[in-house]
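Student: Can we go through this one together? I'd like to hear the reasoning behind each label.

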Amino acid sequence: MTGPAHSSLLHFDAEVFRSSFDRKPFGYTHDLHRLDLFSFDNLLKLAERYVPTQPDWFVAGSAPTPGTEFYSVDHGYLKPHEAMMRLEQGAHRVLLKRLENHDSAFRDLMDLLFKQIIELNGGLHGQKVVRRESAVFISSGAAITPFHFDPEINFFAQIEGEKRYHVYAPVAVSEPELERFFVRGMVDIAQIDLDGRDRSHEHVFPLVAGLGLHQPQNAPHWVETGASRSISYSIVWETDKTRADGRVRACNHYLRQAGLQPRPPGRGIDAAKAAAMSAVTPVRMATGNLLRSLRSR
Ligand SMILES: [Fe+2]
């Protein structure tokens, strides 16, 4: 295959997709690894073009353990193409973000895959996509990405090599943990503790070329590569609804600090909470007003 000219590159069990989308992790098969777009030579040329485009790339070493703090791992010591040329000499992880802004073939691919996924989901159900991105991960063998979650819906595909992907259902993260992340207004990499996490929510996917997995929003995960070089691809997005849920959780953080037991998103006065956290309202004043109205009920 030379390009994304095929309508169904991802292969899902429709019933599993319907029952689990954005709730539980599930596996699927794909043909992305057959595309020339993902050849190592093509990715190496792309990585050279990425050099002046930071923050669109990230190079890091391997974490010593899955419970290591995310940004405590050595990073920024090599340019992406330099790390790709040294994959056999050390434990390096290269992330090229927002591929669609750097290569039109990757934009076409992302558009095609997103269309297929959303059609299978029966549309966006009135939601608007506010961020949509694709990325490629190129890693040495025996490299570990530490435990964290990201506030985005993810379809992840293994292109080359082996990866053992440990992902927990989002219910493995407590509301106070989620609230602590969203109150900081961050958009990726939420560090949480692996120790003590309920293993009954863990799904382990032994990935090889042609296999992929769906990772719901806020599903915590850690990843280890197999013995040799690994290449993976992902497409992620957020909607206005998922962003609003984040603002509800930010508001709940303040309400919990004030001694209340706030309800999670979807069960309560979400619109008032999300509005209280909007950028145009000073947070202290907005939460103060909200607290007064809640206590007077
Ligand atoms: Fe992640």
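Student: How are the donor residues of the iron ion spaced in sequence?

Tutor: The pattern is H-x1-D-x70-H. Mind that this is a predicted model, where local features need pLDDT of at least 70, side-chain atom pairs count only at pLDDT 80 or more, and totals for chains, interfaces and linings use all residues. Residues are numbered from 1 along each chain as its sequence is written, and side-chain values use heavy atoms, with hydrogens and water left out.

Student: What makes His148, Asp150 and His221 donors to the iron ion?

Tutor: Donors are N, O and S atoms within 2.8 Å of the metal (3.2 Å for Na, K and Ca); water is not among the atoms, so sites may look incomplete. His148 (NE2), Asp150 (OD) and His221 (NE2) coordinate the iron ion at 2.2 Å, so they qualify.

Student: Why is Asp150 called buried?

Tutor: Buried means under 20% relative accessible area (exposed is over 50%, partly exposed in between; 1.4 Å probe, protein chains only). Asp150 has 8%, so the label fits. His148 is buried too, because its value is 4%.

Student: And what about Thr145, buried or exposed?

Tutor: Thr145 comes out at 18%, so it counts as buried.

Student: What makes the link between Thr145 and Arg93 a polar contact?

Tutor: That takes a pair of N or O atoms within 3.5 Å; within protein, one must be able to donate a hydrogen and the other to accept it, and residues adjacent in sequence count only if both atoms are side-chain atoms. The side chains of Thr145 and Arg93 are joined at 3.3 Å, so the pair passes.
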